[in-house]
Amino acid sequence: MKTFKIIMHILLVVPLCILILVSTKNQQERIIRFWCKRLLAIFEINVEVTGLETYLANQKKYLMVANHISWMDIIVIQSIKPCIFVAKSDVASWPLFGWVAQMTGTIFIKRDKVSDIKKALKKMKRRLIKRSVCIFPEGTSTSGRYLLPFKSNLFQSSIDTNKSILPLCLRYEQNNTYSDKAAFVDDMSLVDSINKIKQEKDIYVIVEVLQPIRPRYNRKELASYTQEMIRKNLSQNLS
């Protein structure tokens, strides 16, 4: 039954994406939140927002920066603060999800190409005028127990647009302890990950909103400072 619900809800995204094309910004955000919240409910994944959550409710535009554990991170963040994501170019080729990502304005990037990074920065700066943009500066997902070094290139968008960075620390738990059931790592395919997650119950995703950071430093300093904030929060809650 859960598999059927997941398939039907994923297919529902097709008419919703078409509806998004003719909707206002506020309507688009409501549609995105509805679809993401419903998908999380079907998977029996609970989202708990802690910390300075009032920053998610205001109308300011941020460069949102989060640690990366799973493709589910995007669904979780979209369910609480619809925004534009920057994703690896590989995501564009995912069945259906890649199309949805394109339809919702995702900025795709090949991190090993300087020209791609420059193009992504230009798009990010344009989008930050109207919407918050979210990046995963580790460049890949992990088990969630540790943090990889943050790549600094995309932090330049915060400096150039004078938009604050809003750090988000994500962690997945079951029975009040760390869980790697949602982790999207190694050679796991999207289908494998979906099958693994749907077998679980009562996964909690804790999203801790940390203190915004003004872009008063260069991009490498901003990346390092943001990384340390998230690392410290992660280590405190996983110890």
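In this predicted model, helix α1, which spans residues 2-21, and helix α2, which spans residues 25-42, have axes that come within 10 Å and cross at roughly 175 degrees. Because angles over 145 degrees count as roughly antiparallel, α1 is described as roughly antiparallel to α2. The contact is formed on the α1 side by K2, K5, I6, H9, I10, L12, V13, L16, L19 and I20, and on the α2 side by Q28, I31, I32, F34, W35, R38, L39 and I42. Sorted by class, the residues in this contact between α1 and α2 comprise 13 nonpolar, two polar and three charged ones.

From the helices we turn to the strands, beginning with β3, which covers residues 84-88 and has four of its five residues buried, so that this strand is largely enclosed by the rest of the structure. Burial here refers to a relative accessible area under 20%.

Strand β3 pairs with strand β5, residues 133-135, in the parallel sense over two bridges, and within this pairing I84 stands opposite V133 of β5. Strand β3 also runs parallel to strand β4, residues 107-109, to which three bridges join it, and here A87 is found opposite F108 of β4. Between β3 and β4 the chain passes through helix α5, residues 97-103, and the resulting β-α-β crossover is right-handed. Strand β3 thus has parallel pairings both with β5 and with β4, while four of its five residues are buried.

Notes: Residues are numbered from 1 along each chain as its sequence is written. This is a predicted model: local features need pLDDT of at least 70, side-chain atom pairs count only at pLDDT 80 or more; totals for chains, interfaces and linings use all residues. Side-chain values use heavy atoms; hydrogens and water are left out. Buried means under 20% relative accessible area, exposed over 50%, partly exposed in between (1.4 Å probe, protein chains only). Two strands pair if DSSP finds at least two bridges between them. A crossover is right-handed if, with the strands pointing away from the viewer, the path from the first strand over the helix to the second runs clockwise. Axes are lines fitted to C-alpha atoms, for helices over the stretch in contact, and angles run from 0 to 180 degrees between N-to-C directions. Angles under 35 degrees count as roughly parallel, over 145 as roughly antiparallel, 65 to 115 as roughly perpendicular and the rest as oblique. Contact means heavy atoms within 4.5 Å. Ala, Val, Leu, Ile, Met, Phe, Trp, Tyr, Cys and Pro count as nonpolar, Asp, Glu, Lys and Arg as charged, and the others, Gly among them, as polar.
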